[in-house]
Every structure is written in structure tokens, then in C-alpha cells.
Amino acid sequence: MRNQTLARKEESQAIDSFDDVAQFEAIAEQLVWPQTSWVGNAWVDCGTQQTMPLRRSPVDGRILPALFEGDMALVDDAVSQARSAFHRGDWAHLSPASRKQVLLQMAVLLEAHATELCVMDCLSMGKPYARLVQQDAVKAAECFRWFAEWIDKVQGEYVPANGERIGWVEKTPLGVVAAITPWNYPLENIAWKLAPALAAGNCVVLKPAEQSSYSALRFAQLAAQAGLPAHVLNVVVGSGETVGQYLVEHPDVSAVFFTGSSRTGRTVCNSASRHRIKPVSVECGGKSPALIWHGCSNLQEAVEEVCGRVFGNAGQTCNAPSRLIVARPLLDQVRQIIVGISGTHVPCDPRVGRPQHGALCSHFDVERIDALVRTATDEGAELWVGGSPADVVPGGAYYLPTVLGNVAPHGALAQQEVFGPVLSVFTVDHLDDAIALANDSRYALAAGIYTDHLGDALAFQRGVYAGNVYINGWGMDDISVPFGGLGDSGNGTKDKGLRAFEKCFASRSITICTKRRAPGPT
Ligand code: NAD
């Protein structure tokens, strides 16, 4: 009831940002936080369920509401009901126009409820509320709209077969899709999986990250309100190792769409085929190199962009340019710029104003990242800026944006995905060395170059092994541009864009024998 009051207030527009903490807390206080899984368009009775380990908010250390953990029986139920709904055609057999309307309405409701969804995410994973509401929620809604628009444009192919047969190839939904998502862009992470899968007519069982389950659960409830039939979208909360793994292995799951760390991605690839063969899409971590090269016409802008991208979301972005490679003659200037702008990159209370940076996702991450930075300086890296936890809100989990020069190329800081606001700087003399250094990683998610020398830019683009290459501008956030990694960053499938839609279908070949036969005996 309280959530409905909140929604009515927000129907016209979500709250953009809060001027003071009291305002934010008043909204947080009103929220009814979902605490149990969502199956068959209803909250699961939590009577027999265990609670998951309680989590502290990275914003200020408060204990977040308990979540009741789904178990194997619940996964069995969710998958089997989703499978029945799929085979009955409860969703896929609705007219394309009806399904499109439902997805469009999901986008409307997501926007209308952005305030409550983003307050939950802010307290759960520490990102500034204003950024969540102005970027993540907006992009997630856009993602649903974009895929909704494709629903009534799915076409097959006519195939001229030999002789007396004609045929066609049609696209058919896969069945029950298991979607496993991380926490770092909570609403976008689920939108990238759900929107194309649902648009293609699949039923979905989603296992969101433990750190960001509340908004996923609430969104599923909104999806039902938007008209999604029961069992088409189910959300089972629980730990990755138990509930996630059981879901991925499930014989009645037809396909697995995963985003998360490379370590988990490898496990998912292995376990998915345990009981049956199924398509698996894994989008994983990164350690992306950005090269500032001769002919970079606006060094200031390039360095600012790299810093903005690597420190944004407290460095918890898969394609963050966490390795900065600089042409040696430009190093001093680059260092001056980084030190000069470091004052603009400070973590702030994520609840108020419009700060760029908030908290890390957990207190554990503060210690983990600090240990990596200390090891690197012990190994000879020079600390240019940052390098310690930050005291922003008592009880919170904050770390200063940090830049280190002279980082050992094979040390942990250079090779591991830090997933925190830490930039490692390297210098090179020749373009070939820059390409070799860029490729000296098991990850291959993204790589970028800043130069006006077209030949060098193209040589870099051809030489780097990465799923996404950026020239003179980091990232391409447009929903129509496919995004995904190679190597340990992913298995070559993509999120976003038409590639993401294509992977949600199987193709079937149908033939008709046109031979005219003499009538047989009656
Ligand atoms: P994670 O691997 O710890 O968890 C991701 C999801 O997998 C969670 O829902 C988790 O519960 C589940 N999981 C864990 N073990 C599992 C198992 N054995 N079987 C099935 N599911 C299991 O990752 P995280 O910390 O949530 O997210 C951060 C990671 O995600 C980073 O590495 C980041 O780079 C990556 N990421 C990649 C992209 C991309 O598009 N490439 C986008 C966002 C995040």
C-alpha cells in the first residue's frame, strides 16, 4: 500500500536527486522492501525458507532487510511452471502487438517507480542515487522500449529447396531462459537480459546478484502489473553457488544468459551442460587498456575521459579503462593532468546531491582493493593520487580514486580485475609495444586509443584482441550497439543491439513437399 502511494506521487516524474539526507531517508523509510522470491506473479511463502546472511549497506553500514533464500525445490517449481507456461504459449502465442504493449508498459512502470527502485539500489550497492535514477533507470527503460519495438518485426526466410519441396526458416523462442546477473548496474544488468529474452517470447527465471536483489524483485512485481502473464518472469533469490548453479544446471532450462565475473563465468560454462546441451552466453570481467598516443589532439579531454570512466561507479564497471598506456613523451603532461583533476574525483555521500562517486559495493571490497594497492607499491609502483580508504559517511565503504604509475606489467594490479577506482599507468615507446601490452591480459572486453593519426588508430584497432574497440572516445552506451567480450571476458555473444535479440531465438527449418501424387485407393 505504501509503495502504491509512492508510485502515485511519482507517476509524472521520479525524484531526480535529494537535497538532504533526511529527504532520502524519509523515502527509504516508506519503502516495503521485497524479501522473498517472486514466482507465478506472487511472493513465495517464506515460511520454510532460511534467511541469507545479513548484509551491511556500503553507504553507512546499516543492516539491510533480510532476504529469504530460495532453495532447489523452489528452482524446480519456478522452472517447471515457466516451462508449462512456455509450452502452453501463455506468452509467446500472444500477438506481437500485445507483447509489445506489455514491454512498453514495463518501461513506463520502471520509470514511474524509479525513485523506490533506485533508493533500494543506492543503499544496497552504494552508487549515487542521482546517477541511478538519471542514468541506470533511464537506460533500463530505454532497453525495454528498444526491444519492444522489435517484437512485431521478427521475420523468417523463404528457402527455395531443390525439387518438389519448398521451405522456410523461422525464428522460435528458446524456451525457459535462466538469467544470472551481477549487481554493478542493477537495473541495466537485468534489463539487458530480460528485455530481449522476453521480447523473443521466452519465459525467464532470473537469479539476481545477492547484493542487488531488492530492485530485481520489485521490478518483477511491476512487470506483472504491466500485464506479463504468470510464470513468464520469475525471480529466485539466493546464493550463486547453490541456487544459481542449480538453476544453470537444470535440465529444463533451455539457455543460460549470464553476466558476472570471469571466474563464475567459467563455472557457468561448465555446469550449464551438465544435464543437457544448451546455448550459454557469458559476459564477464575486464581489464581494459586505453592508449594515449602521439597525435592525441586534446590530451586534457582524453585524460579526463579515462579518469571519469575508470572512477565512475567507484570503478565497478566491466569495461572501465583500468590500464592507461601512454606514449612516453606524453607521460609528464598526463601525470600533471591526472594530479590536477584528482580533486574533482572524490567519493561523496551517495544519498544526496549529484555526486560523481559514491561507495564501493561492500566493506570487504575496501580491504581487498587496499591490499592490491599496497602490494603494487611494495613492488615499486608510484602512488600518484589516492591510495587509501576514505572517511565519507561513518560505517560506510569508500575508497579514494587512486592512480599508480610504473606498475609492474605482470603484477596483480596490472593483471587482475580490481573492480574499484584504481588506474594503473604504463609507458611505451612504439605502437607495437603498446598493442602487445594491451593484449597482455587474459581479459579481452574493451580497448581504446586516443590519436588523430588515422593509420595508428586503425593499426591499434586491428592489433588488439577485444570485443569492443573505441577510437577517440571511451565506450558506446547506445542500446543499439552490441556489447560483449572475448577471451576471459566472454564467449563472443553480445548484450544490447540486434545481436542480443538474435541470441534469444532458435531457428527452425520447415519444408513442405509439393509433389502432386496420384490419389491412392480410398
Ligand atoms: P559474480 O561472478 O560474483 O556473480 C554474478 C552472478 O553470478 C551473481 O548473481 C551470483 O550470485 C551468480 N553466481 C555466483 N556463482 C555462481 C555459480 N556457481 N553458478 C551460477 N551463478 C553463480 O560477479 P559480481 O561480483 O556479481 O559482478 C561483478 C562482475 O561482473 C565483474 O567481473 C564485472 O566485470 C562483471 N560484469 C560484466 C559485464 C559485461 O557485460 N561484460 C557487465 C557487468 C558486470
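Is Trp474 buried or exposed? In this predicted model, Trp474 has a relative accessibility of 2%, so Trp474 counts as buried. I will come back to that residue after a word on the aromatic pairs in general.

The structure holds 13 aromatic pairs. Take Trp183 and Phe419: the ring centres are 5.6 Å apart and the planes stand at 75°, so this pair is edge-to-face. In sequence terms, the two residues are 236 apart, and the pair links distant parts of the chain. Trp183 sits in the loop between strand S3 (176-180) and helix H7 (186-199). Phe419 sits in the loop between helix H14 (412-415) and strand S12 (422-428). As for burial, Trp183 is at 11% relative accessibility and therefore counts as buried. Phe419 is at 19%, and the cut-off for buried is under 20%, so Phe419 counts as buried too.

Back to Trp474. Its ring pairs with that of Tyr470: the centres are 4.9 Å apart and the planes are at 70°, so this is another edge-to-face pair. Tyr470, at 7% relative accessibility, counts as buried.

Next, the cluster. Which residues do ring pairs link into a cluster? They are Trp146, Phe147, Trp150, Phe501 and Phe505.

Last, charges over rings. Lys503 has its charged end over the ring of Phe257, at 5.0 Å from the ring centre. Arg99 lies over the face of Trp91, with a distance of 6.0 Å to the centre of the ring.

Terms used. Residues are numbered from 1 along each chain as its sequence is written. This is a predicted model: local features need pLDDT of at least 70, side-chain atom pairs count only at pLDDT 80 or more; totals for chains, interfaces and linings use all residues. Side-chain values use heavy atoms; hydrogens and water are left out. Rings of Phe, Tyr and Trp (its six-membered ring) pair if their centres lie within 6.5 Å; planes under 30 degrees apart count as stacked, over 60 as edge-to-face and the rest as tilted. Helices (H or I, at least four residues) and strands (E, at least two) are DSSP runs, numbered from the N terminus. Buried means under 20% relative accessible area, exposed over 50%, partly exposed in between (1.4 Å probe, protein chains only). A charge sits over a ring if NZ of Lys or CZ of Arg is within 6 Å of the ring centre and within 35 degrees of the ring normal.
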